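Please look through the structure below at your own pace, with the sequence beside it. The paragraphs after it lead from the overall fold to a few individual residues.

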Amino acid sequence: MTAIGKSSAQYALRDPDIRLMLRVRDDDTAAFEELVELYQHRLVAVMHHLVGNTEEAEDLAQEVFLRVYRARKKYTPKAKFSTWLFTIANNLALNALRTRQRRPAVPLDQRDSGPLGPRPAEQLVHDRAGPPGQRMQQQELAAVVRNALVGLNERQRMAVVLNKYEDMNYAEIAEVMNLSVKAIKSLLSRARTNLRVALQEYISMDGEGAPKASEEEEAQ
């Protein structure tokens, strides 16, 4: 077995999604349908948070899967499958944002998460059961956090979304965004600073709801 073959086998042993993608490479349509089922809602949710429009997010997610299928014959695992998938998603989202840079900004949908599942904004707010008034305040705060995320530049927003929503560490985000780990740490640090400024009237960022790094995250 070649070195590349050994590496592919090792990745496949650790990542069941890679095993699925290797079956896709062999034209197994059932495996591709399974991958779509596993990642569709996650991709749409991430894209929605990045581009701020549900219909566009769904179109972009569909394009990601189309590119995955077209690239299947050349697929060689060199990282987790999710890292490869979100690298494609990152490139598509950046292209979509750049093509409309001169257009008016599209605000994020302020509805509840619904079929898209939880979004990073909600994850940045500590959500607990409470009286109706408290729940209303939490909903309003979630909307404020979403708007604050929109105010980040595209790279900061992507880094925050991958970190908070996809639970990626610095190294994984660096691979997705084709940046160094040092650059990702800097991006996330600036993003947290910007979020603190945007949210200072609504939340104490050093308190319970703060979107700050855990000790484990800082060590990554």
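What follows is a walk through the fold, two helix pairs, the core and some buried positions.

The model shown here is a predicted one, and its secondary structure consists of 11 helices and 0 strands. Followed along the sequence, the elements therefore read α-α-α-α-α-α-α-α-α-α-α, with helices being defined as runs of at least four residues. Of the 220 residues in the protein, 45% are buried. Among the contacts in the protein with a separation of 6 or more, 65% are between residues 24 or more positions apart.

A good place to begin is helix α3, which spans residues 29-51 and packs against helix α4, residues 54-70, at an angle of about 140°, the two axes being 8 Å apart. That angle makes α3 oblique to α4, and α3 passes α4 in a right-handed crossing. On the α3 side the residues that meet α4 include Phe-32, Leu-35, Tyr-39, Leu-43 and Met-47, while those contributed by α4 include Ala-57, Leu-60, Ala-61, Val-64 and Phe-65. Sorted by class, the residues in this contact of α3 with α4 are 15 nonpolar, 3 polar and 2 charged.

Helix α3 also has a contact with α2, and here the axes come within 8 Å and cross at roughly 140°. With that angle, α2 is oblique to α3, and α2 passes α3 in a left-handed crossing. From α2 the contact draws on Asp-17, Leu-20, Met-21, Arg-23 and Val-24, and from α3 on Ala-31, Phe-32, Glu-34, Leu-35, Leu-38 and Tyr-39. The residues of this contact of α2 with α3 divide into 8 nonpolar, no polar and 3 charged.

From these pairs we can turn to the interior. In soluble globular proteins, nonpolar side chains tend to be buried together. In this model the largest nonpolar core has 55 residues, and those with the most contacts inside it are Val-64, Phe-86 and Met-177. At least two residues of this core are supplied by each of α2 (16-25), α3, α4, α5 (81-99), α7 (132-150), α8 (154-164), α9 (170-177) and α10 (181-199). The largest share of the core, 12 residues, comes from α3.

Which residues does Val-64 touch, once its neighbours within four places in sequence are left aside? Val-64 is then in contact with Leu-43, Met-47, Leu-85, Ile-88, Ala-89 and Leu-92.

Leu-50, whose place is in helix α3, has a relative accessible area of 4% and is therefore buried, the cut-off for that being under 20%. Although Leu-50 and Ala-93 are 43 residues apart in sequence, their C-alpha atoms are 7.1 Å apart in space. Apart from its neighbours within four places in sequence, Leu-50 is in contact with Ala-93, Leu-97, Arg-157, Met-158 and Val-161.

Is Gln-156, a residue found in helix α8, buried or exposed? At 5% relative accessibility, Gln-156 counts as buried. Leaving aside its neighbours within four places in sequence, Gln-156 has contacts with Leu-187, Arg-190, Ala-191 and Asn-194.

Note on methods. Residues numbered from 1 in each chain as written. Predicted model: local features only at pLDDT ≥ 70, side-chain atom pairs only at ≥ 80, totals over all residues. Heavy atoms only, no water. Axes fitted to C-alpha atoms, helices over the stretch in contact; angles between N-to-C directions. Parallel < 35°, antiparallel > 145°, perpendicular 65-115°, else oblique. Left-handed = near helix turned anticlockwise from the far one by under 90°. Contact = heavy atoms within 4.5 Å. Nonpolar A, V, L, I, M, F, W, Y, C, P; charged D, E, K, R; others polar. Core = buried A, V, L, I, M, F, W, Y, C linked by side-chain atoms within 4.5 Å. Buried < 20%, exposed > 50% of the residue type's maximum accessible area, 1.4 Å probe, protein only.
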